[in-house]
Amino acid sequence: MMVLPVLRLGLSCRCQTAGRTLQQIQRTPLRQWLLRRAQTTEGGHASVRMASIPNAASDRVLGRWLVGCSGLVLGAVVLGGVTRLTESGLSMVDWHLVKEMKPPRTEAEWEDEFSKYKQFPEFKIMNHDMTLREFKFIFYMEWGHRMWGRLVGLAYILPTVYFWKRGYFSRSMKPRVLGLCGFVVFQGLLGWYMVKSGLEEKTESYDIPRVSQYRLAAHLGSALLLYCSSLWMGLTLMLPANKIPDSRNLLQLRRFAKVTGGLVFLTALSGAFVAGLDAGLVYNSFPKMGERWIPDDLLAFSPAIKNVFENPTTVQFDHRILVVLGISTLLLYVPTSLAATHQSGSVALLTFAIWVLAELRKVVK
């Protein structure tokens, strides 16, 4: 009769041991992962799962992507400047998102494209003796600039779709990334709007055909804004939290960096007006402009505010005040290589200003 209680006691002990073992199994990392995996399924179909990589790792990935995109935008700015300096921007008189991705290949296709170009003011007034070979050069310059723009668009939009599906973006990050993608599309449309201004017939003027300096400044300004935004977002995601102790001097440095960045941006934007009006060819002496420190035609236009945007003398004078890096560019009558280097230097300076601001972003205001 004593056997039955003993058996019951043995079974109870084994059950308790099995229960503890089951609880230990349930607490293992593998079991916990399986339980979480099971919770993501509903009705026999797996639900969309968020990215499982750590936040710090995803931030580094997004940061590198955005910094890389900003590098592509920088390339577009430099290439656009070279296109402008070689007077190639009006060689493509049509705009098609997909069709123009393939340049002319046969001689007949080239002749057809050249005949289109001959119908517009730049050929009639300035390039009426241009050969087909010379046309091919300016065409390829503009075609390369447009294809680079499409590459920039793909570099923003395709990774955005991928990262969105993988759950890399936080709630606050999503509208900012969508804003960047929308701005890329706007930048492309603005570029064509700018080119159209140089293709219009101006019966009242026989001057060299050129694009509107206002549209050129808007096109360059929007590209610089896209560059600055992408670089800022990328650096803030990549750089670690600032551990510099707060101080009054550090806050002053932060304000100085903001002012410096703003002045560099304004200087680069004023360069668009110089390029749009060919103002770099007006006075090619330094420090004086001709024989005067202040030229007598500085306020030749009326009303006075019009001089700031449309008077080549005033535009060059303003640009001289904002920057002295382009002195040799003026003295040598704006050679293409030096002018492109001058523009690249301004963007490089803007880059360093943004970098300093990103490093100081954690300082208490």
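Pro-303 sits in the loop that links α9 to α10 (305-310), where helices are DSSP runs of H or I with at least four residues, numbered from the N terminus. The peptide bond leading into this proline from Ser-302 is cis, its omega being near 0 degrees. The model is predicted, so local features need pLDDT of at least 70 and side-chain atom pairs count only at pLDDT 80 or more, while totals for chains, interfaces and linings use all residues. Residues are numbered from 1 along each chain as its sequence is written, and side-chain values use heavy atoms, with hydrogens and water left out.

A second loop feature is found at Glu-87, between α3 and α4 (107-117). Glu-87 is not a glycine, yet its phi is positive, near 55 degrees. Its relative accessible area of 35% makes Glu-87 partly exposed (buried is under 20%, exposed over 50%, partly exposed in between; 1.4 Å probe, protein chains only).

Turning to the interior, the largest nonpolar core (buried Ala, Val, Leu, Ile, Met, Phe, Trp, Tyr and Cys residues joined through side-chain atoms within 4.5 Å) holds 49 residues, of which Leu-62, Trp-65, Leu-66, Tyr-156, Phe-169 and Met-173 touch the most other members. At least two residues of this core come from each of α3 (55-85), α6 (132-166), α7 (173-199), α8 (213-238), α9 (248-276) and α13 (336-359). The biggest contribution, 12 residues, is that of α8.

Beyond its neighbours within four places in sequence, Tyr-156 is in contact (heavy atoms within 4.5 Å) with Trp-65, Cys-69, Ser-70, Val-73, Leu-180, Cys-181, Val-184, Leu-226 and Ser-230. Another core, of 12 residues, lies apart from the largest one and includes Met-92, Trp-110, Phe-139 and Trp-143.
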